[in-house]
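This report looks at how nonpolar residues and strands are arranged in the structure shown below. Please keep the model open while reading.

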Amino acid sequence: AALLGAEEWGVASAALVTEGCIMMRKCHMNTCPVGIATQNPELRKLFTGKPEYVVNLFHFLAEELREIMAKLGFRTVNEMIGQTDVLRPVENREFWKLKKLRFDKILYKEPALQGTGLYKQQDQHHELENALDWKILKVAKDALDSKKNVQANFDIVNTNRSVGAILSNEISKKYKGEGLPDGTIHIRFRGSAGQSFGVFATHGLQLELEGEANDYFGKGLSGAQLIIYPDRNVTYDPEKFIIIGNVAFYGATSGEAFIRGQAGERFCVRNSGVKAVVEGVGDHGCEYMTGGMVVVLGKTGRNFAAGMSGGIAYVYDVDHTFHRYCNMELVFFDDLEYEDSEMLKAMIEKHFTYTGSNTAEALLDNWQDSLKHFVKVMPRDYKRILLQQKEDIKTAV
């Protein structure tokens with residue numbers, strides 16, 4: 001790989017195997033037979049790995065690499081980056097798939113570059129200097145310096161990616177995980193946002209978008225509040241159309257989100273703490289979710305809740321078809337309790353307040369009847385843990 005030009009390599013799986021992994025591919029099931037990818041205390045007892053095993057692996061890797069480099073005449077790894085002239089295709093390939101493969105263009109090297117170093121020939125042009133966040137940072141200066149409330153408006157286009165990340169970094173550097181008080185910095189956007197709008201957005205941010213957003217909306221959300229609704233000039237019914245892309249809130253840990261419209265596939269995958277309201281989702285919603293709360297005011301795609309081991313989802317199922325789309329391997333449909341109805345109503349009221357959702361308004365206008373059609377999706381193990389915690393509190397009292 002280095003001789004072909006690679007400057008970085010990943011060896012994570014190999015390191016995991018040295019710790020005892022037998023590649024069962026059951027990491028999401030909490031049933032790892034060698035005690036690595038599990039929270040089960042009995043299975044964890046089966047783990048036999050030691051840090052020294054990983055150290056040994058890298059010792060052996062480095063040792064063998066040094067031997068190969070010595071044969072090729074290289075003293076350092078950086079020296080051999082892109083040195084394709086020392087590679088030779090295997091001759092007399094009999095297998096039919098290999099016979100006609102040609103490597104001339106892959107192995108070609110400009111004569112002027114023969115024998116010269118090819119490591120990091122040019123810096124990455126990431127164009128960070130053009131990020132919208134630099135403009136937002138100027139507006140947010142008073143909030144960063146003295147926690148004063150700040151509001152501002154910006155137009156946004158789909159080349160504005162990862163909006164909020166740089167600002168969140170500045171907040172975290174100064175105020176750590178606590179961030180700023182909720183709503184300290186309220187930024188309104190209008191337009192079509194690029195990928196990862198609100199990525200890693202932290203406490204104190206309220207990002208409001210009038211328009212639409214691409215994939216990874218709210219990825220890694222870390223305490224902020226995201227609000228999105230269609231442009232004021234649209235003529236369609238918002239709840240019938242997708243307003244944010246795929247994999248929204250991937251790996252998000254905390255915060256709130258209110259989405260007037262539908263989301264793409266893998267909504268809230270690996271969410272561990274965000275509370276979100278949305279008006280419909282594509283396939284694989286709440287996949288591998290471990291915490292938080294999701295309220296779906298419309299239809300879901302297939303395979304909902306696959307690998308969902310924590311958190312709670314409430315799905316409005318007025319035509320009683322949701323059971324066909326939910327993956328019941330780790331979850332069951334639980335009864336709604338009084339606390340559920342109060343929490344659910346409060347979230348939908350917020351959704352209406354922030355987005356003006358017609359769907360939310362209709363549900364609230366006839367709340368007692370609407371409540372009958374909500375299905376509570378609860379992971380079995382998560383339910384057991386919650387019940388155990390209640391018992392522990394009673395015992396302690």
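## Nonpolar surface, cores and strand pairing

In this predicted model, Phe95, Trp96, Leu98 and Leu101 make up a nonpolar patch on the surface, and together they have about 440 Å² of accessible area. Phe95 lies in the loop between helix H3 (51-72) and helix H4 (96-99). Phe95 is classed as partly exposed because its relative accessibility is 45%, a value that falls between the 20% limit for buried and the 50% limit for exposed residues.

In soluble globular proteins, nonpolar side chains tend to be buried together. The largest nonpolar core here has 60 residues, and the members that touch the most other members are Phe189, Phe249, Phe267, Phe304 and Val377. For Phe189, once neighbours within four places in sequence are set aside, the contacts are Leu132, Ile136, Phe154, Ile156, Val163, Phe197, Leu207, Glu208, Leu209 and Glu210. A second core, separate from the largest one, consists of 20 residues, among them Ile227, Val277, Ala360 and Leu363.

Val277 also appears in the strand pairing, where Phe258 stands opposite Val277 in E8. The table sets out the two pairings that involve strand E8.

| Strands | Sense | Bridges | Residues standing opposite |
|---|---|---|---|
| E6 (residues 254-259) and E8 (residues 272-278) | parallel | three bridges | Phe258 and Val277 |
| E8 and E9 (residues 290-296) | parallel | five bridges | Lys275 and Met293 |

Strand E8 thus pairs in the parallel sense with strand E6 and also in the parallel sense with strand E9, and in the latter pairing Lys275 stands opposite Met293.

Note on methods
Residues are numbered from 1 along each chain as its sequence is written. This is a predicted model: local features need pLDDT of at least 70, side-chain atom pairs count only at pLDDT 80 or more; totals for chains, interfaces and linings use all residues. Side-chain values use heavy atoms; hydrogens and water are left out. A nonpolar core is a set of buried Ala, Val, Leu, Ile, Met, Phe, Trp, Tyr and Cys residues joined through side-chain atoms within 4.5 Å. Buried means under 20% relative accessible area, exposed over 50%, partly exposed in between (1.4 Å probe, protein chains only). Contact means heavy atoms within 4.5 Å. Patches are made of residues with over 30% relative accessible area and no salt bridge: like charges are joined within 9 Å, nonpolar side chains (Val, Leu, Ile, Met, Phe, Trp, Tyr) within 5 Å. Accessible areas come from the Shrake-Rupley method with a 1.4 Å probe; for residues, only the protein chains shown count as cover. A salt bridge is a side-chain nitrogen of Lys or Arg within 4 Å of a carboxyl oxygen of Asp or Glu. Helices (H or I, at least four residues) and strands (E, at least two) are DSSP runs, numbered from the N terminus. Two strands pair if DSSP finds at least two bridges between them.
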